[in-house]
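Q: I have a model open on my screen and would like to learn how to read it. Could we start with the ligand and work outwards?

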Amino acid sequence: MTCRTRVAWRPGEDCGPRVVRSAHMRLECSQCVIRDWSPADREALVRHADNRAIWRNLTHKFPHPYTPADADRWFEIVAAMPEPTAWAIEVEGEAVGGIGVHPGEGVYAGSAEIGYWLAAPLWGRGIMTEAVRAVSAYALEHFGLCRLEAGVFGWNTASMRVLEHCGFVRESIAKAAVFKDGELTDKVTYALVDVSRKG
Ligand SMILES: CC(C)(COP(=O)(O)OP(=O)(O)OC[C@H]1O[C@@H](n2cnc3c(N)ncnc32)[C@H](O)[C@@H]1OP(=O)(O)O)[C@@H](O)C(=O)NCCC(=O)NCCS
């Protein structure tokens with residue numbers, strides 16, 4: 001993996017990272033590239049994201065059906081970020097998924113939540129394992145974080161496997177915390193902790 005990016009912000013003690021819009025992100029992995037979203041991804045984003053099997057494993061913020069208007073709204077959200085913390089996963093020149101970190105605020109400024117999805121035809125090839133590994137290392141370093149966490153629905157064994165492959169540790173199970181697709185399930189929290197840059 002190579003990482004070509006400009007370091008654009010530094011963690012602040014109380015107010016979290018200072019961000020600069022102009023940062024550019026590109027992580028080259030063996031099967032995919034992680035890079036900034038572009039409005040040119042609109043058609044591919046709608047085609048891949050409009051999938052019930054993806055929606056079923058994500059929070060209520062991910063729409064279904066996924067329409068061109070949803071894609072436009074997504075590009076507006078990313079454009080409004082001081083520095084993008086959500087990126088496209090590209091395979092063979094096409095955006096086929098998304099991955100991002102949602103940084104905490106105030107006392108939680110050293111933590112972020114990671115989320116991701118991949119086009120269903122590409123599942124099971126190890127693509128997300130390498131994407132999560134690359135983005136985790138990047139996010140911890142670039143944003144000066146000491147903790148990344150992921151909340152996984154109780155039925156999502158594939159995502160748990162991805163996180164375990166990437167060194168995340170299962171921390172807790174919030175019983176019946178999630179109601180999705182007409183069913184109650186647990187929220188399983190995984191975390192990757194690195195305090196080496198603190199203290
Ligand atoms: C979860 C998801 C990101 C995985 O992406 P992926 O590229 O297929 O993942 P990988 O190929 O890197 O690894 C998948 C692992 O799960 C395993 N797996 C896949 N389906 C499984 C299942 N039904 N039960 C158990 N394990 C399963 C695979 O065998 C593999 O583990 P292994 O390497 O130990 O064999 C993808 O399925 C997806 O986008 N799902 C919908 C959105 C989602 O769940 N996002 C995460 C929310 S927390």
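A: Happily, and keep in mind that this is a predicted model. Of the 21 residues around the ligand, those that come nearest are Asn57, Trp123, Met128, Thr129 and Ala158. Two or more residues of this shell come from each of β6 (111–118), α4 (127–142), β7 (147–153) and α5 (157–165).

Q: Which element gives the largest share of the shell around the ligand?

A: That is α5, with five residues.

Q: What classes of residue make up the shell?

A: Twelve are nonpolar, seven are polar and two are charged.

Q: How do I place these elements in the whole protein?

A: Follow the chain from its N terminus: the order is β-β-β-α-α-α-β-β-β-α-β-α-β-β. That comes to five helices and nine strands. Among contacts with a separation of 6 or more, 58% join residues 24 or more positions apart.

Q: How should I read a single helix, say α4?

A: Start with a general idea: an α-helix has 3.6 residues a turn, so residues three or four places apart point the same way. Now the case here: α4 has 16 residues and spans 22 Å from first C-alpha to last, close to the 22 Å expected at 1.5 Å a residue. After α4 comes Gly144, with a positive phi near 60°.

Q: Which residues of α4 are buried?

A: The buried ones are Ile127, Met128, Glu130, Ala131, Val132, Ala134, Val135, Ser136, Ala139, Leu140 and His142. For the protein as a whole, 31% of the 199 residues count as buried.

How values were computed. Residues are numbered from 1 along each chain as its sequence is written. This is a predicted model: local features need pLDDT of at least 70, side-chain atom pairs count only at pLDDT 80 or more; totals for chains, interfaces and linings use all residues. A residue is near a molecule or strand if its C-beta atom, placed from the backbone, lies within 6 Å of it. Helices (H or I, at least four residues) and strands (E, at least two) are DSSP runs, numbered from the N terminus. Ala, Val, Leu, Ile, Met, Phe, Trp, Tyr, Cys and Pro count as nonpolar, Asp, Glu, Lys and Arg as charged, and the others, Gly among them, as polar. A residue is buried if 20 or more other C-beta atoms lie within 10 Å of its own, exposed if 12 or fewer, and partly exposed in between; C-beta atoms are placed from the backbone. Two residues are in contact if their C-beta atoms, placed from the backbone, lie within 7 Å. The expected span of a helix is 1.5 Å times one less than its number of residues.
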